[in-house]
Amino acid sequence: MIQKKIVDLLIIGGGPAGISAAIWAKRLGLNHLLLEAQTDLGGQLTDIHNKIIDYPGMMVENGLELQKHFKQHAKNIDFNFEIGKVVDSIDWDEKVLFTNKNTTYEFRSILVATGSSPRKLRVPGEQKLIDRNEVYSASRDKDKFKEKDVAVIGGGDRAFEGALLLAEAGANVSLIHRSEQFKARKEFKDPVIYHPNINVMTNTIVTEINGESRKQLTLSSNDSISTIAVDGVFIRIGVEPNTYLFKDGISLDDEGYIPCTSVGQTSLPYVYAAGDVCTRPLLSSIASSVGQGMTAVKCLSFYLND
Ligand SMILES: Cc1cc2nc3c(=O)[nH]c(=O)nc-3n(C[C@H](O)[C@H](O)[C@H](O)COP(=O)(O)OP(=O)(O)OC[C@H]3O[C@@H](n4cnc5c(N)ncnc54)[C@H](O)[C@@H]3O)c2cc1C
């Protein structure tokens, strides 16, 4: 049976931006609801296996520790949220939103806080890796790959940092990048390029991934095809904003990010955005997502109370 709820402010996404927005929605007395696709609040915090040293007031061992604090805060302040609710589609004319759980919500305003996800290679075999849960973190899993062969794909900071962590832990790393130009920070470049355990392969594209425990990567380079065998694959080719859902309702830029004003207003006056969904990786952080979530909700409260 389809359930219908009426809410003034729907917050889509329960990462740092959405959580901060919901705290403020509660403080401001707004009729609000946060919808989160996963079974828990926290967003990308659950993927952070390194120490977090840049969130003011809290130095924590990893994202899970910070997630605990955020969840405790959510509990204390008691904002309204539903987990396991994937927003599937939005009827922009009727202002109705539909989720995977046969629930529809009539809304007056929306805060988009759906964040970003790792960009995929979109080659055969990649999804099988994901389905087998072979999505590794270099900082968490580096010791598993001591004296093993790994492929790190990408040319930015995360690829270089990951390659370095793995090589320092004793893995034999093939760093595969599609061009000769690297976006990685200067401080990572020389240590990676000259590391004895890292083989840098430029102008090379991965076209297919086969095999289970030992994986064959098919590579294409200057019109020649080759294969390498590795024990682990680390795909680090950047992130993409989770905005597919919004493409028919609000303007997106050429990379799919939501352009918005300094307070988060999108091309519709009743839709605001905050966090990674409107901020490119170079400028995104937990702290900025939290700040943007708060600002956006305050502005939406002016809209709703007008
Ligand atoms: C490995 C790693 C390390 C990092 N280290 C740091 C660090 O040290 N310091 C730092 O400041 N930042 C760090 N970051 C970045 C930081 O985690 C992000 O900037 C921050 O989490 C962005 O918050 P957000 O709320 O905008 O989005 P997210 O955290 O991406 O949250 C978005 C949420 O929206 C939900 N969602 C998406 N689509 C839907 C839908 N259709 N329906 C319902 N829900 C949906 C998702 O499930 C997710 O929970 C790191 C990120 C990673 C991946």
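Me: How many residues surround the ligand, and which are the closest?

Reply: A ligand's surroundings can be read as a shell of residues, and in this predicted model the shell holds 35 residues, the closest being Gly13, Gly15, Gly43, Gly115 and Gly275.

Me: Which helices and strands each supply at least two residues of the shell around the ligand?

Reply: Here one goes from single residues to the elements that carry them: α1 (16-27), β2 (32-36) and α7 (286-305) each supply at least two residues of that shell.

Me: How do the residues of the shell divide into nonpolar, polar and charged?

Reply: Sorting by class, one finds 16 nonpolar, 15 polar and four charged residues around the ligand.

Me: How many helices and strands does the protein chain have, taken as a whole?

Reply: The protein chain has seven helices and 16 strands. Its radius of gyration is 21 Å, close to the 19 Å that the globule rule gives for 306 residues, so the chain is as compact as a globular protein of that length. Along its principal axes, the C-alpha trace spans about 65 × 40 × 35 Å.

Me: Returning to α1 and α7, at what angle do their axes cross?

Reply: A helix pair is read from the approach of the axes, the crossing angle and the handedness; the axes of α1 and α7 come within 7 Å and cross at roughly 35 degrees, and α1 passes α7 in a right-handed crossing. On the α1 side the contact includes Pro16, Ala17 and Trp24, which belong to a group that meets residues of α7, among them Ile286, Val290 and Met294. By class, this contact has ten nonpolar, five polar and one charged residues.

Me: Why is α1 described as roughly parallel to α2?

Reply: Helix α2 covers residues 63-77, and α1 packs against α2 at an angle of about 15 degrees, with the axes 10 Å apart. Because angles under 35 degrees count as roughly parallel, that angle makes α1 roughly parallel to α2. The crossing of α1 past α2 is left-handed, and the contact is made by Ile19, Ile23 and Lys26 of α1 together with Phe70, His73, Ala74 and Ile77 of α2. These residues divide by class into five nonpolar, one polar and one charged.

Me: And which residues in α5 meet α6?

Reply: It helps to place the two helices beforehand: α5 spans residues 157-168 and α6 residues 186-193, and their axes come within 9 Å and cross at roughly 45 degrees, which means that α5 is oblique to α6. With α5 passing α6 in a left-handed crossing, Asp157, Phe160, Glu161, Ala163 and Leu164 in α5 meet Phe188, Pro191 and Val192 in α6. Six of the residues of this contact are nonpolar and two are charged, with no polar residue among them.

Key:
Residues are numbered from 1 along each chain as its sequence is written. This is a predicted model: local features need pLDDT of at least 70, side-chain atom pairs count only at pLDDT 80 or more; totals for chains, interfaces and linings use all residues. Axes are lines fitted to C-alpha atoms, for helices over the stretch in contact, and angles run from 0 to 180 degrees between N-to-C directions. Helices (H or I, at least four residues) and strands (E, at least two) are DSSP runs, numbered from the N terminus. Angles under 35 degrees count as roughly parallel, over 145 as roughly antiparallel, 65 to 115 as roughly perpendicular and the rest as oblique. A crossing is left-handed if the near helix is turned anticlockwise from the far one by less than a right angle, and right-handed if clockwise. Two residues are in contact if their C-beta atoms, placed from the backbone, lie within 7 Å. Ala, Val, Leu, Ile, Met, Phe, Trp, Tyr, Cys and Pro count as nonpolar, Asp, Glu, Lys and Arg as charged, and the others, Gly among them, as polar. A residue is near a molecule or strand if its C-beta atom, placed from the backbone, lies within 6 Å of it. The radius of gyration is taken over C-alpha atoms; the globule rule is 2.2 Å times the number of residues to the power 0.38.
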